[in-house]
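Here is a short guided tour, written for someone who likes to have the model open while reading. Please load the structure and follow along section by section.

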Amino acid sequence: MHLLSAGYASALLLIALLSQVTSLEPIIGQYGEMLKIPCNSGAIKAEDIAITKWKYDKGDGVPGYLLVKQKNQNVSISATDEYKVRVSMDKNSSLLISAAKLSDQRTFTCMVVTGGDVFEYPVNVLIHKLPAKLEISGEAEELEIGRLTKLGNCVAKDANPPANITWFKNNKPLEADGKGISIKVSVVEESSTGLSTTTSTLEYSAMKEDTGAKFKCRADGLPLESSSMNFTITYSTENIMLEVSPQKELKEGDNLTLKCVADGNPAPTSFNFHLKGELVTVENTDTYTIANVSRDATGEYKCSLTDDTSMEATRNITVTYLDINLSPSGNIVKRAGEALNLSLQIDSSGKAEVSWTKNNAKLGKQPNFTKLGYSDSGRYEWTVTVGHITRTASFDLTVEGPAVVKSLFKNRSNDGQHKVLTCEAEGSPKPAVSWSINGTVLGESPFVNGKITHKIKVVPSANLTVHCTVTNRLGNDSRAINVSSYQSEDSDQTRLVVGVIVGLLIATLVIGLAYWVYSKKSKQGSWKTGEKECGSSEEEKKLEEKVEENSQKAEV
């Protein structure tokens, strides 16, 4: 009867315990670090706990006891296996396990006994470990266009759970498509540690656009990725191009460099250059230079592959050149009035631009010397341009002629105290001017365009004839002018006034005589016709006014 009662009591206790067990609460610990497993998460106050006991599931329902703590007593280690030196408990009744291992992935249960109740808190533990790093091994040396080639292996070692690996090209994820991209994954577990190593192998069929592309791998959800790598993409030549230097304009005398550019990789190392019918083969280079080209180098040029002559490129090359000839040139001396015929010849590769300057001043058109004048003297420069080539030719023209006096005249000075004589001369070389009278030189104008002006001032005491003489090495000329003194000029003025007065008196007498004759005839006519002996009063009045006016002038 006693045994039955004890068994019944045990059954009741088991039912009570089962009713106090909470659901599993998994936690994740990090491999090699301290693992902390909470007991009741504060559901029961510490002062209400009489006994705390930790155990774990060894498997097949067999428990393994770790430690126990009664109220107001120290923790007592119950474990007899490896946990004996790894377990402890903190003040919150949490179980502490040092150096977490994958073997710690199991269910741990915290039993709490209060005044009259027993509670159990099972916790499911998972242990995670990041791979140390991602490495790419077994890289390909080069990738061939259109051929599926193993690019490399991305390896994530010693991880739990096993790492998932994704490949990237230029930071864009790659996915296997069964054609140009193949990704194979293998996972191997290390028996001693239980950690896993994941290997992802990428096979890739490259395209020409993949030149310079960067590949790498990354662990999904983890801050781990490999270093980037790129590969040499090999492909055969599909296109060839002939480049020419200089690019803009090739002038006679320049060096011409031909470069054959093929798009194959690796690039071809030998080429054929077809130089206007001449074949030149170069090795280990893609260029050929022709030094100091002449205009005869203008024509068609080609380059081709030595192993496939059908693969060629062609360029038409023009050598720019310019020759000019100006005749006559140098120093030219001509007489005024003569003609100068210029001969201009241009031999060029294109249309030429021509300009003229005289004494560095631009002319609007080519000079025409049908009749040379002194103003035509100067330095003439002919500039011809074709492309970037400029040629110049020049001549210095001197127009000469004997010295000639063009004009000689006199003026009274502003103060009326002397007379100014001006001699204008022309000729080249510059005429020398001399006077037949001593006078004060007022100045000489600059010698411009074969002209010069010379001035002197004189105070003649008597009437003179003054000569201006001009001379240069080609001839001389002289001209005279009468210059009167101031006294003779005063006498001349007096005689002029007297003559005017006498003239006016004679004019008055003539008018008066005419009036008398007119009046007489008028009277005779009136006798014959019986008219009154009186003329028109208006006509008589006008005639009297005219006589009076002349009389006044005579008095003056």
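Which residue in β8 is the bridge partner of K55? The partner is T109. Before going further, please keep in mind that this is a predicted model.

## Strand β3 and its two partners

The K55–T109 bridge belongs to the pairing of β3 with strand β8, residues 107-113. These two strands run antiparallel and are joined by 6 bridges.

Strand β3 covers residues 51-59, and it also pairs with strand β4, residues 62-70. This pairing is antiparallel too, with 8 bridges between the strands. To find your way along it, look for W54, whose bridge partner in β4 is L67. The connection from β3 to β4 is a hairpin with 2 residues between the strands. In that turn you will find D60, which has a positive phi of about 60 degrees.

## A three-stranded sheet

Next, have a look at an open sheet of 3 strands, arranged in the order β2-β7-β6 with antiparallel pairing. The edges are held by β2 (35-37) and β6 (87-89); each has a single partner strand, so one side of each is left without a neighbour in the sheet. From one strand to the next, the twist averages 25 degrees.

Within this sheet, β6 is joined to strand β7 (residues 95-97) by 3 bridges, with the strands running antiparallel. If you want a landmark here, M89 stands opposite L95 in β7.

## A four-stranded sheet

Further along the chain there is an open sheet of 4 strands, with the order β23-β22-β25-β26 and antiparallel pairing. Why is one side of β23 and of β26 left without a neighbour in the sheet? These strands, β23 (278-283) and β26 (312-317), stand at the edges and each has a single partner strand, so nothing in the sheet flanks the other side. Neighbouring strands of this sheet are turned against each other by 20 degrees on average, direction ignored.

Strand β22 spans residues 270-275 and strand β25 spans residues 299-305; the two pair in the antiparallel sense over 5 bridges. One of the places to zoom in on is F271, which has L305 as its bridge partner in β25. As a general reminder, strands of a sheet pair through backbone hydrogen bonds, either parallel or antiparallel.

## K216 and its polar contacts

Is K216 buried or exposed? With a relative accessible area of 10%, K216 is buried, because buried means under 20%. This lysine lies in strand β17, residues 215-219. Its side chain makes a polar contact of 2.9 Å with the side chain of N171. The side chain of K216 also makes a polar contact with that of E225, at 3.3 Å.

The contact partner N171 is worth a visit as well. N171 sits in the loop between β13 (165-169) and β14 (172-173). With a relative accessible area of 55%, N171 is exposed. Its phi is near 65 degrees, a positive value in a residue other than glycine.

## Loops with special backbone geometry

N292 is another residue other than glycine with a positive phi, in this case near 50 degrees. You will find N292 in the loop between β24 (287-290) and β25. At 57% relative accessibility, N292 counts as exposed.

Two prolines deserve a look too. A cis peptide bond joins S245 and P246, with omega about 5 degrees, and P246 is placed in the loop between β19 (240-245) and β20 (250-251). The peptide bond from N265 to P266 is also cis, with omega near 5 degrees. P266 lies in the loop between β21 (256-262) and β22.

## The largest pocket

Finally, which residues lie nearest the centre of the largest pocket? They are A46, I49, K91, N92 and S93, out of 21 residues that line the pocket. The space in this largest pocket comes to about 300 Å³.

Sorted by class, the lining of the largest pocket holds 7 nonpolar, 9 polar and 5 charged residues.

Methods
Residues are numbered from 1 along each chain as its sequence is written. This is a predicted model: local features need pLDDT of at least 70, side-chain atom pairs count only at pLDDT 80 or more; totals for chains, interfaces and linings use all residues. Side-chain values use heavy atoms; hydrogens and water are left out. On a 1 Å grid over the protein atoms alone, a cavity is a set of points where a 1.4 Å probe fits but cannot get out, and a pocket is an open set with protein on both sides within 12 Å along at least five of seven lines; lining residues have an atom within 4 Å of a point. Grid points are joined across faces, edges and corners, and a volume is the space filled by probe spheres set on the points. Ala, Val, Leu, Ile, Met, Phe, Trp, Tyr, Cys and Pro count as nonpolar, Asp, Glu, Lys and Arg as charged, and the others, Gly among them, as polar. Two strands pair if DSSP finds at least two bridges between them. Axes are lines fitted to C-alpha atoms, for helices over the stretch in contact, and angles run from 0 to 180 degrees between N-to-C directions. Buried means under 20% relative accessible area, exposed over 50%, partly exposed in between (1.4 Å probe, protein chains only). A polar contact is a pair of N or O atoms within 3.5 Å; within protein, one must be able to donate a hydrogen and the other to accept it, and residues adjacent in sequence count only if both atoms are side-chain atoms.
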